[in-house]
Amino acid sequence: MATVSDTVLDPAAAAWLRRVLPGHRITEAGPLGGGYRNENIRLVTDGGSYVLRRYLRGDAARTCAIEAALAARLAAEAVPAAEVIAADPDGDAAGLPMLLARYVPGVMVSEAVARYPAAAAGLGA
């Protein structure tokens, strides 16, 4: 197991990250909230910050594939979205579907809805 900042990455996931981020060294790793069906880990490297999403429940392979395809579609339409660096929907690399995207700072939708319920209601949330 590879441990970075008290966050444990299994060897297969760490090997996949080395393949998809060649030449970058992970200097920090820590859990991000908000994942019920997945685990989100923020990774800081010497080349930037990323989010590793490991899909744990439900139709994990399908969800991973859909999220990767949606991010590509949004980028093609010039809609701001986190860039997907790599995805492994079938879980071939580490036994679980994984997606790596650039980290984008911001507020989780659930937090924004809680803070501004009237605005959220106007959007149909």
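**Leu70**

I looked up Leu70 to begin with: it is partly exposed, with a relative accessible area of 47%. By the cut-offs I used, buried means under 20% relative accessible area, exposed over 50%, and partly exposed in between, with a 1.4 Å probe and protein chains only. Leu70 is found in helix α2. Helices (H or I, at least four residues) and strands (E, at least two) are DSSP runs, numbered from the N terminus. I also took the spacing to Ala81: Leu70 and Ala81 are eleven residues apart in sequence and 9.4 Å apart in space, C-alpha to C-alpha.

**What I am working from**

This is a predicted model, in which local features need pLDDT of at least 70 and side-chain atom pairs count only at pLDDT 80 or more, while totals for chains, interfaces and linings use all residues. Residues are numbered from 1 along each chain as its sequence is written, and side-chain values use heavy atoms, with hydrogens and water left out.

**Chain overview**

I noted four helices and seven strands in the protein chain. From the N terminus on, the order of elements is β-β-α-β-β-β-α-β-β-α-α. The protein chain has 125 residues, and 27% of them count as buried. Its accessible surface comes to about 7,600 Å², and 55% of that belongs to carbon and sulfur atoms. Areas come from the Shrake-Rupley method with a 1.4 Å probe; for residues, only the protein chains shown count as cover. I then checked contacts, meaning heavy atoms within 4.5 Å. Of the contacts in the protein chain with a separation of 6 or more, 42% are between residues 24 or more positions apart.

**The sheet**

Which strand order does the open sheet have? I read five strands in the order β3-β4-β5-β7-β6, with antiparallel pairing. Two strands pair if DSSP finds at least two bridges between them. β3 (26–32) and β6 (84–88) stand at the edges with a single partner strand each, so one side of each has no neighbour in the sheet. On average, neighbouring strands of this sheet are turned by 20° against each other, direction ignored. For angles, axes are lines fitted to C-alpha atoms, for helices over the stretch in contact, and angles run from 0 to 180 degrees between N-to-C directions.

I went on to β5 and β7. They run antiparallel and are joined by five bridges. Arg53 has Leu99 as its bridge partner in β7. I also checked α1: this helix lies across β3, β4, β5, β6 and β7, and runs at about 45° to β7.

**Nonpolar cores**

I looked for nonpolar cores next. A core here is a set of buried Ala, Val, Leu, Ile, Met, Phe, Trp, Tyr and Cys residues joined through side-chain atoms within 4.5 Å. The largest has 13 residues, and those with the most contacts inside it include Leu9, Trp16, Leu17 and Leu43. At least two residues of this core come from each of α1 (11–20), β4 (38–45), β5 (48–55) and β7 (98–102). α1 gives the largest share, three residues. In soluble globular proteins, nonpolar side chains tend to be buried together.

I then listed the neighbours of Leu43. Leaving out residues up to four places away in sequence, Leu43 touches ten-odd side partners I can name in part, including Leu9, Leu17, Ile26, Tyr50, Leu52 and Leu100. Put plainly, residues that Leu43 touches include Leu9 and Leu100. Apart from the largest core lies another, of six residues, among them Tyr55, Cys64, Leu99 and Ala101.

**Salt bridges**

How many salt bridges does the structure hold? I found four. The cut-off is a side-chain nitrogen of Lys or Arg within 4 Å of a carboxyl oxygen of Asp or Glu.

The side chains of Asp10 and Arg54 meet in one of them (2.8 Å, N to O). Asp10 sits in the loop between β2 (7–9) and α1, and Arg54 in strand β5, 44 residues apart. Arg54 is buried, at 9% relative accessible area. Arg54 also meets Glu39 in a salt bridge (2.6 Å, N to O). Glu39 is in strand β4, 15 residues from Arg54. I logged Glu39 as partly exposed, with a relative accessible area of 30%.

Glu67 and Arg53 form another salt bridge (2.5 Å, N to O). Glu67 lies in helix α2 (residues 60–76) and Arg53 in strand β5, so the pair ties together parts 14 residues apart in sequence. Glu67 is partly exposed at 28% relative accessibility. Arg53 is partly exposed too, at 23%. Salt bridges with shared partners join Asp10, Glu39 and Arg54 into one network.
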